[in-house]
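Subject: Model for your files

Hello,

Here is the structure I said I would pass on. Please look it over; my notes follow below.

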Amino acid sequence: MTSTNKLLLEAKGITKYFGTITALENVNLKVHEGECLGVVGDNGAGKSTLMKVLSGLYKPSAGALFFEGKEHVLDSPKDSQNLGLEMVYQDLALAGNLPIGENIFLGREPTKNIGFLKFLDFKKIQEMTSAHLEKLKINVKSADQKVEELSGGQRQAVAIARSTAFNAKVVIMDEPTAALAIKEVGKVLDLINKLKSTGVGVIVISHRMDDIFTVCDRVMALFQGTNFAESQLDKTSRDEVIGWIMGKK
Amino acid sequence: MKSLVGLWEKNKMDDKEKKQDSLYVKLIPYFEKYGILLLLVIMILVMHILQPDVFLSWRNVTNVFKQISWQSMLALGVFMVIVTAGIDLSVGSIMMLSLMILAIVAKAGAPWFIVVLVPLFAGFLCGLVNGLGITLLRMPHPFIMTLGTLYIFRGTGNLISGGTPISGFTDEVRYLGHGRIDLTWLGLEKSQYLPVSLVLIAVVYFVFWVFLNHSRTGKWIYAIGGNPSAARASGINVNKILIIVYSLCGFLSGIGALILAGRTDSGYPNAGLQSELDAIAACIIGGASFFGGRGTVLGVFAGVMIMGILRNGLNLMDVSSFWQQVLIGSIIVLAVYVDVLRRDFGTRK
């Protein structure tokens, strides 16, 4: 299916140095519409660095990013968001002291003008939040609940809801099921499948083979900062992918 | 790692969720919001019982407001900084430097509207220096930058004034700190006036309440305190917001200088000495969390009032100022302990 769908995001020859350390070297990546790409690799293989480059948090030392066929230079996460590229971070990147709705719209709050002053439109935030959570079938007591009062799975759901609130085309998820209770993992994976069915391209970084083999269409392995192996999911096996993580083909 | 463990424990607690929804838990948010006002009301009642003739008299009440007027400006500024999980130790020095500049400009014979604007501008610039230092110089913690400027600003104030008081301002300059709004048209006596500084406190606090709760920038200030990396990942320019916060804190200290100039009719080297600690204390008593992201403008106002009433009441009862120090210190510890308890009960761990 992937080859026929439109190519959304492509990274070519991404290289990233931190001082004398080479975190990434000549890494390539592609993701299509409605496709889920799994990215695996050992700790320090460069997965998180690659995602931070894709989201505009880090600037690559070399290489280029293409979005829908056009080259883009990302100066900040704002740039990638404007393109429709969203990131769900491992540490969830939610402000626990704020309610769900305000987290989902953080940095992009709807406002209303009163005279020449702009005020937050709390009513609109609440309406949009409820509608969006409803769409993704995410159950919470109310959009006014503070995020710190939620369970890990609910927080992850809010983080994913946040990433898709603005018609995202590509969503990147860093270990979306780490730190979740087993019964919550399934809900999050369902949510990822739901995103795929709406045509969103998803990149999932995960250590968990169960996750990869439940939601992904294609899997690629990074090893010591380089592309190590890549395959359609139905043409590989868990044992082979685990081997890639350890640097064995 | 800590957060991972925290999340895991939270999941464990899912099953217990229903049990937790007791009346007690439901009351916590209200307690969190209005508990400090309750304390304030209790204090007022106690003081009234102890000093029935004096404490709630028109004269004494306006006196309390006049006394807290400039401290309330510093506390509000420091509060915004604390919400971002920062700290500003330099507010007392900013106020002193702004006051000295005001005095010098006034003595040089500048028109009153210039004299009034100068401390606000000076305070803003001092705050800007703090903000730029913290962000551009990448100081490991705002404590260090503002500890440095605590000395720098006060030293500068002494340098430009020669370390001697400069006294005598015009009525226009003194209006905000010393002015009276006559209420005889309401049928009140001449002595029952409204201090202009009280109106100023109300206006400034209202404006900043709107700013912090109803503007995007205000929301982002809370977000930065809640989780700076979340704010950054949301595309918020964290450094820019921090610079705004420290600049506004300096600006409020400048307003404090203007009020103090009105009250004392003098620029003096010891102005605002250690007042940064009072400002921090008021924020903490008022429920602001040092970890950032928590606290309300109303709470800070209550914190300032509690400290003001405590001092005033103890003075009325002729209690030694040494006891005042002991009591204020105890209230700080108690207030933070209540915050610790609230964290234990109020949020999942």
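In this predicted model, chain A holds an open sheet of six strands, in the order S6-S9-S10-S3-S11-S12 and with mixed pairing. The edges are taken by strand S6 (85–88) and strand S12 (226–232) of chain A; each has a single partner strand, so one side of each is left without a neighbour in the sheet. From one strand to the next, the twist averages 20 degrees.

At the S6 edge, S6(A) pairs with strand S9 (residues 170–174) of chain A in the parallel sense, over four bridges. Within this pair, Leu85(A) stands opposite Val170(A) of S9(A). Helix H1 (residues 47–54) of chain A packs on the sheet, where it touches strand S3 (36–41), S6, S9, strand S10 (201–205) and strand S11 (218–223) of chain A. The direction of this helix makes about 150 degrees with that of S9(A).

Next, the interface. Here 28 residues of chain A are in contact with 27 residues of chain B. On the chain B side, helix H1 (2–13), helix H10 (216–226) and helix H11 (228–233) each supply at least two residues. By class, that side of chain B has 12 polar, nine nonpolar and six charged residues.

Within chain B, two points on helices are worth passing on. The first concerns helix H8 (residues 171–178) and helix H9 (residues 196–214) of chain B, whose axes come within 6 Å and cross at roughly 70 degrees. The range 65 to 115 degrees counts as roughly perpendicular, and therefore H8(B) is roughly perpendicular to H9(B). H8(B) contributes Tyr175(B), Leu176(B) and Gly177(B) to the contact, and H9(B) contributes Val196(B), Ser197(B) and Leu200(B). These residues divide into four nonpolar and two polar, with no charged residue.

The second concerns helix H12 (residues 238–264) of chain B. Its 27 residues, at 1.5 Å a residue, should span 39 Å, and the end C-alpha atoms are 39 Å apart, so the two values agree. H12(B) is mostly covered, with 21 of its 27 residues buried. Just after H12(B), Asp265(B) takes a positive phi of about 60 degrees.

Regards

Terms used: Residues numbered from 1 in each chain as written. Chains lettered and ligands numbered in written order. Predicted model: local features only at pLDDT ≥ 70, side-chain atom pairs only at ≥ 80, totals over all residues. Pairing = 2+ DSSP bridges. Axes fitted to C-alpha atoms, helices over the stretch in contact; angles between N-to-C directions. Contact = placed C-beta atoms within 7 Å. Nonpolar A, V, L, I, M, F, W, Y, C, P; charged D, E, K, R; others polar. Parallel < 35°, antiparallel > 145°, perpendicular 65-115°, else oblique. Expected span 1.5 Å × (residues − 1). Buried ≥ 20, exposed ≤ 12 C-beta atoms within 10 Å, placed from the backbone.
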